[in-house]
Amino acid sequence: MSILEFARGPAFQVALVVFAFGVCWRLAGIFLMYRRFDRSQPRQHALIAGGVRAIVMRSLPPHELEKKIVFQHVSGYAWHLAYFASLLFFAPHIPFFKQFLGFGWPTLSNTVALLSGAVALAILLALLWRRASHAVLRQISTLDDYLSIVLSILPLLTGFMTYARILPLGLRYENMLGLHLLSICALLVWFPFGKLMHLFLAFPARFQAGVLLKRKGVEA
Amino acid sequence: MSATTAHLDSLRSAAAALGGRVGLSRNTDAERLDKARAVMLGELDGSHAAYLETCLHCGMCAEACHFYLGTNEAKYTPIWKVEPLKKVYQRELGPMRWLRRMLTRDITLAELEAWQPLVYDSCTECGRCDLMCPMGIQISPMIGIMRRALAAADLLPAELAGAVDEQKQQGSVLGAGRDQLLALARDSAAAGVPVPLDLPAADVVLLTSALDVKAFPDSLRATARILNKLKLHWTLLSHSIDLLGSGESLRELHVRRIVEEIVRRGAKTLLLPECGHAYPALRFDSAHMIGEPLPFVVYSIAEFVGQEIQDGRLKVNREPGGGSVTYHDPCKIGRHGGVFEEPRAAIRALGLELKEMESHGRTNYCCGGGGGQFLIARAAQLRQRAFEIKMREVDDTGAAKVLTACNSCRFNYQAGAAEANWHKPIESLVEHVAANLAD
């Protein structure tokens, strides 16, 4: 079995199972946990609206408090957008999704998609450097933080190398493509265990904060 | 104020003799650790889980914290202050606990000791970080859990432990006692402002605080003058002064007692004095503590007075001479309680020019000494660094004086101003209203 066959076959299947089961396990563990019921008289009503508003407002830079966090906000949004643009709209990816899902969708031009990938890669490297050098980030960082960045970088890096046919150590193209797929498998396997889960948890956390603050009559 | 300052100094001296920590625990280290862990596990629930699981370690919360901004020290990053709580959650409650137990070490007593200055000295539970987090993580309530866990492990800073002991033995804190309150009420009545004490039935119940009695009696007299002017059927609970100055371990017991006293009198309204920490405790937390919604409405006195003015029931004159003021939003009334507009309505009614600080309302900076921090002697320098941020914002407004609705804040302002040789008056909003009541 070649690297590519292994990556496309058992590795990808195992990664998907770990991803799906792990995500469900973690979400269930959090959301089925006992919660205290707040019996206080709310200062303001429309609590659901408060939660939804928090989802929106916490997605925007908090202008009143924003002094030194512009880079974090802008870079955070920029790399997410660029990452997903290159993942979902790069033409060579679509046949894979079509095979998997049964349908495809329009793509970006290769130039734009590759540029998006390059932007995402550059920002991720900058964030990795910043995490290792900024006193606050260094203090609070864990293995999860570094691993999540590195595992997010690898698919971009191997993707570029595959597309540009940069084949170190005499690797064949098919093997490089296999490594690209394996890097995605690694990302999927790690996903439920680390901070990447914020993809599913960010909105619920913001929502409950919004409900709590709305009860108190404070804008989230 | 000097008597209160002297009392604080004696507490701090006693603490200094203990080296800044309680060294007389009767429990073994293992028992202390178990007690801390039990508090954490008992208080953590699904809402905390969602927060702890969602943290990205982005560090933005540091930029909201006056202790980090005042020192630039990374250890003061708010989310770092709950690191032991996060560890306990991940190893004992989290859905991935089976993995965490294999990969991480349990917390130790030494670790909790190391966190004592982080949760007591360098956090006032002001909640500013709660507004900054892009994930919505509410850090300050989790600091509260950390504090209660450390207290269970006999790791209260000595000054706070001394205050709790005083509470248990004397029924009050800061050297305030029932006799002093009775004398204050007599003096007030002699000056033409009756204070109805302990009436068996009343529509409105007022509480006061040890700080009011010891340092700011004018605030209580002003409140009485306003309530009399409104011709309310009100009473002051004379034995309530201990209820507001309690240590955290006594909080629930005291809240239950207050609720029983109010229900017994058939009161429909509870008024809290110019006291920050009582407000969220009684307005929001008490319903959870007693297990049912409160059968009465809770107001901060500044909120109540502002509403009465807004609704036209309380008339005030424009303050002679007018002038400009800035308003310091007490964290516990503002950010933790939603009371922003009512005090400002009172200020406008007095004809004063309100010059807002750059950070005001929900983003207001803490005075630097809330959450019992002002008691801790070793934290004096840290407190001052945080207060300097406040001073700068006040100075930038150009306002002639600062008004506020919390006597703890006033106390901290006065102490900080004295230390910095800063001459900016900090005054009670309610006293200003009471001094300008219209006929």
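How many Å separate the centres of domain 2 of chain B and domain 3 of chain B, taken over C-alpha atoms? The separation is 22 Å, and the two domains belong to a division of chain B into domain 1 (23-155), domain 2 (184-310) and domain 3 (324-434), with bounds that come from an automatic or database domain assignment.

Before going further, it helps to know what kind of model this is. It is a predicted model, in which local features need pLDDT of at least 70 and side-chain atom pairs count only at pLDDT 80 or more, while totals for chains, interfaces and linings use all residues. Residues are numbered from 1 along each chain as its sequence is written, and chains are lettered from A and ligands numbered from 1 in the order in which they are written. The pLDDT, the predictor's confidence in each residue from 0 to 100, averages 90 in chain B, where 92% of the residues score at least 70. Over residues 18-22 of chain B, however, the pLDDT is below 50, and beyond near neighbours in sequence this stretch has 15 contacts in the model, a contact being two residues whose C-beta atoms, placed from the backbone, lie within 7 Å. For the complex, the predictor gives an ipTM of 0.92 and a pTM of 0.92.

Let us return to the domains. The contact between domain 2 and domain 3 of chain B takes 27 residues from domain 2 and 26 residues from domain 3. On the domain 2 side, α17(B) gives the most, with eight residues; helices here are DSSP runs (H or I, at least four residues), as are strands (E, at least two), and both are numbered from the N terminus.

Chain B also touches chain A, in a contact that takes 45 residues from chain B and 49 residues from chain A. The largest share of the side of chain B, seven residues, comes from α3(B). The residues of this side divide into 23 nonpolar, 14 polar and eight charged, where Ala, Val, Leu, Ile, Met, Phe, Trp, Tyr, Cys and Pro count as nonpolar, Asp, Glu, Lys and Arg as charged, and the others, Gly among them, as polar.

Helix α2 (residues 29-43) of chain B shows how a helix can present two faces. Its 15 residues should span 21 Å at 1.5 Å a residue, and its end C-alpha atoms are indeed 21 Å apart, the expected span being 1.5 Å times one less than the number of residues. Its buried residues are Arg32(B), Leu33(B), Ala36(B), Arg37(B), Val39(B) and Met40(B); buried means that 20 or more other C-beta atoms lie within 10 Å of a residue's own, exposed 12 or fewer, and partly exposed in between, with C-beta atoms placed from the backbone. Seen down the axis of α2(B), these buried residues fall within an arc of 155°, so they line one face of the helix, the arc being that of the directions from the helix axis to the C-beta atoms. What covers them includes α5 (83-93), α7 and α9 of chain B, whereas the face turned away carries the exposed residues Ala30(B) and Gly42(B).

Finally, consider the backbone angle phi. Most residues other than glycine have a negative phi. Glu125(B), in the loop between α7 (109-121) and α8 (128-132) of chain B, nevertheless has a positive phi near 55°, and Glu125(B) is buried, with 24 other C-beta atoms within 10 Å. Asp154(B), with a positive phi of about 60°, counts as partly exposed, with 19 C-beta neighbours inside 10 Å.
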